Amino acid sequence: MDILAQRSRQETQVIDGIDAWLKSHPDQPRVAVISLAMLGMPRLRAHPGGLAGETLIRNIHARIQQVLRPGDHCELLSDGECLISLYGIKNVGHAQLAVRRLLHELNNYSDEAGYRVHTGPRLGIALFPDNASNAPTLVHKAGLALDMAKAADQEFLFYSQGHGQEKLFNWNIDQELERALRDDELQLHYQPQLSLANQEVSGVEALLRWQHPEHGHISPADFIPLAERSRIIHPLTRWCLHTCLRQLGEWASLDRHRNMSVNISSYNLSDPGFAEMVGNALQLWHVPAPRLTLEITEGALLEDLDYATGVLGSLRRLGVRISIDDFGTGYSSLSYLKHLPVDELKIDQSFVRNILNDRHDRSIVETIIKIARDFNFSLVAEGIEQEAALLLLDEMGCHTGQGYAIARPLPHSALMNWLENPPALKQHHA
Ligand code: C2E
Ligand code: MG
Ligand code: MG
């Protein structure tokens, strides 16, 4: 049988496996397929010693199996590529976790003699039911994502039909963002956070804005995931931190002591110098550490909980506050809260948005408020769009609120005007 026919038979087996799993697990229907190729394959095949190349490939395959959870499956295809099925994942964060583990193993792989082997992994990922409604399409889309990852010279790509992603897809994001940083195309907008008990502004969250000369406004929701796949996320976060802390220093000189929340990415935590960089920036701008809150999304934290716990611990020892963003969307078990060095939970806006009309969302928010109280975390509700929701959250015992009902994210000068004359506050007092 030639290699292509053999490959298609193997793909069919993978598809059948996914179909069978979906039939027997109708309640947890999320599956990810990772299509994995290794750019180093020609050299692996030529590894010295006759059959040694094939043995090496089989050993790598065995290592991949060890990285996966029990029940997940890796099929080594005849051409050396692999199809990996991750069963019953809760969300995209779990697929990202697997991707990071695979990349870590493959990028640090040594042969039996201890020599580092250049594997050059490229991964394309597709999710069921998000990207495909059946198993053959799922496998096909993982393959397309792999082709895209190879073409864009990215280590991995999630399949996406998203307009923003497609528009940005062929960019060299490193160069574009480097230029944007240099040419001042990036800005931070600040969204006030209101202490609900006394209606005072307790702080602001910094949110990135990119005004591209050709493409106009590009949302951080589109470009941050791309920046995360390249090293540019590190200088980008450094720029945000320094810009915010410089700003905080200026506000202090005006005797306006606000807190600043800055979003960071899980990829920042994997930078061994991150905590030190934050410490140096605080010193440089003379900002007391407790006035800085670093927000990290719950999904990102769960990607590598042990590692995150360590880095967040060092940040907290500096005195910086840690907040779990989009809380309630990413967890599989709440037990992680016991071990994580955390100060604040931010209730995800999807629960806050319908709090006035949806009793399930209200009861989720009640539960999160109770958790925050028991664990002694402070609590921010984000995405408050109606004043009635703000009042209800206050009654329910939520400390702090943020959302369009209070103010939209504002450029610095508009924020200064708003602080002088906060319209939402007046209504609230009335
Ligand atoms: P996030 O940190 O959860 O930020 C909240 C998002 O909700 C912001 O979107 C904000 O503009 C929006 N928002 C605030 N109030 C309301 C409201 O009442 N209703 C609705 N519908 N939306 C509201 P934005 O600015 O587009 O940012 C999207 C995400 O991009 C952020 O979610 C954050 O995860 C990420 N991001 C933004 N800036 C940065 C950054 O500097 N670094 C990193 N790593 N990520 C960032
Ligand atoms: Mg945030
Ligand atoms: Mg959020």
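This note sets out, in numbered points, the metal sites and one helix contact of a predicted model.

1. The site of the magnesium ion (ligand 2). Four protein residues supply donors to this ion: Glu 205 (OE), Asn 263 (OD1), Glu 295 (OE) and Asp 325 (OD), at 2.0 to 2.3 Å. Along the sequence these donor residues follow the spacing E-x57-N-x31-E-x29-D. The pair Glu 205 and Glu 295 joins distant parts of the chain: Glu 205 belongs to strand 7 (residues 200-212), Glu 295 belongs to strand 10 (residues 292-297), and they are 90 residues apart.

2. Burial of these two glutamates. Glu 205 has a relative accessible area of 3% and is therefore buried, since the limit for that term is under 20%. Glu 295 is likewise buried, with a relative accessible area of 1%.

3. The site of the magnesium ion (ligand 3). The coordinating atoms come from Asp 325 (OD), Asp 326 (OD) and Glu 382, which is listed with OE twice, at 2.0 to 2.8 Å. The spacing of these donors along the chain is D-D-x55-E.

4. The link between the two ions. Which residue bridges the magnesium ion (ligand 3) and the magnesium ion (ligand 2)? The bridging residue is Asp 325, and the two ions lie 4.2 Å apart. Asp 325 is buried, with a relative accessible area of 5%. Asp 326, by contrast, is partly exposed, because its relative accessible area is 24% and that term covers values from 20% to 50%.

5. The surroundings of Glu 382. This residue is located in the loop between strand 13 (378-381) and helix 16. Glu 382 is buried, with a relative accessible area of 6%. Apart from neighbours within four places in sequence, Glu 382 is in contact with Asp 325, Asp 326, Lys 346, Ile 347, Asp 348, Gln 349, Val 352 and Gln 402. Two residues in that list, Asp 325 and Asp 326, also coordinate the magnesium ion (ligand 3).

6. The packing of helix 15 and helix 16. Helix 15 (residues 359-375) packs against helix 16 (residues 387-396) at an angle of about 40 degrees, and their axes are 11 Å apart. Helix 15 is therefore oblique to helix 16; an angle under 35 degrees would count as roughly parallel. The crossing of the two helices is right-handed.

7. The residues at the helix contact. From helix 15, Arg 362, Val 365, Glu 366, Ile 369 and Arg 373 take part, and they meet Leu 392, Leu 393 and Met 396 of helix 16. Sorted by class, this contact has five nonpolar residues, three charged residues and no polar residues.

Note on methods. Residues are numbered from 1 along each chain as its sequence is written. Chains are lettered from A and ligands numbered from 1 in the order in which they are written. This is a predicted model: local features need pLDDT of at least 70, side-chain atom pairs count only at pLDDT 80 or more; totals for chains, interfaces and linings use all residues. Side-chain values use heavy atoms; hydrogens and water are left out. Donors are N, O and S atoms within 2.8 Å of the metal (3.2 Å for Na, K and Ca); water is not among the atoms, so sites may look incomplete. Helices (H or I, at least four residues) and strands (E, at least two) are DSSP runs, numbered from the N terminus. Buried means under 20% relative accessible area, exposed over 50%, partly exposed in between (1.4 Å probe, protein chains only). Axes are lines fitted to C-alpha atoms, for helices over the stretch in contact, and angles run from 0 to 180 degrees between N-to-C directions. Angles under 35 degrees count as roughly parallel, over 145 as roughly antiparallel, 65 to 115 as roughly perpendicular and the rest as oblique. A crossing is left-handed if the near helix is turned anticlockwise from the far one by less than a right angle, and right-handed if clockwise. Contact means heavy atoms within 4.5 Å. Ala, Val, Leu, Ile, Met, Phe, Trp, Tyr, Cys and Pro count as nonpolar, Asp, Glu, Lys and Arg as charged, and the others, Gly among them, as polar.
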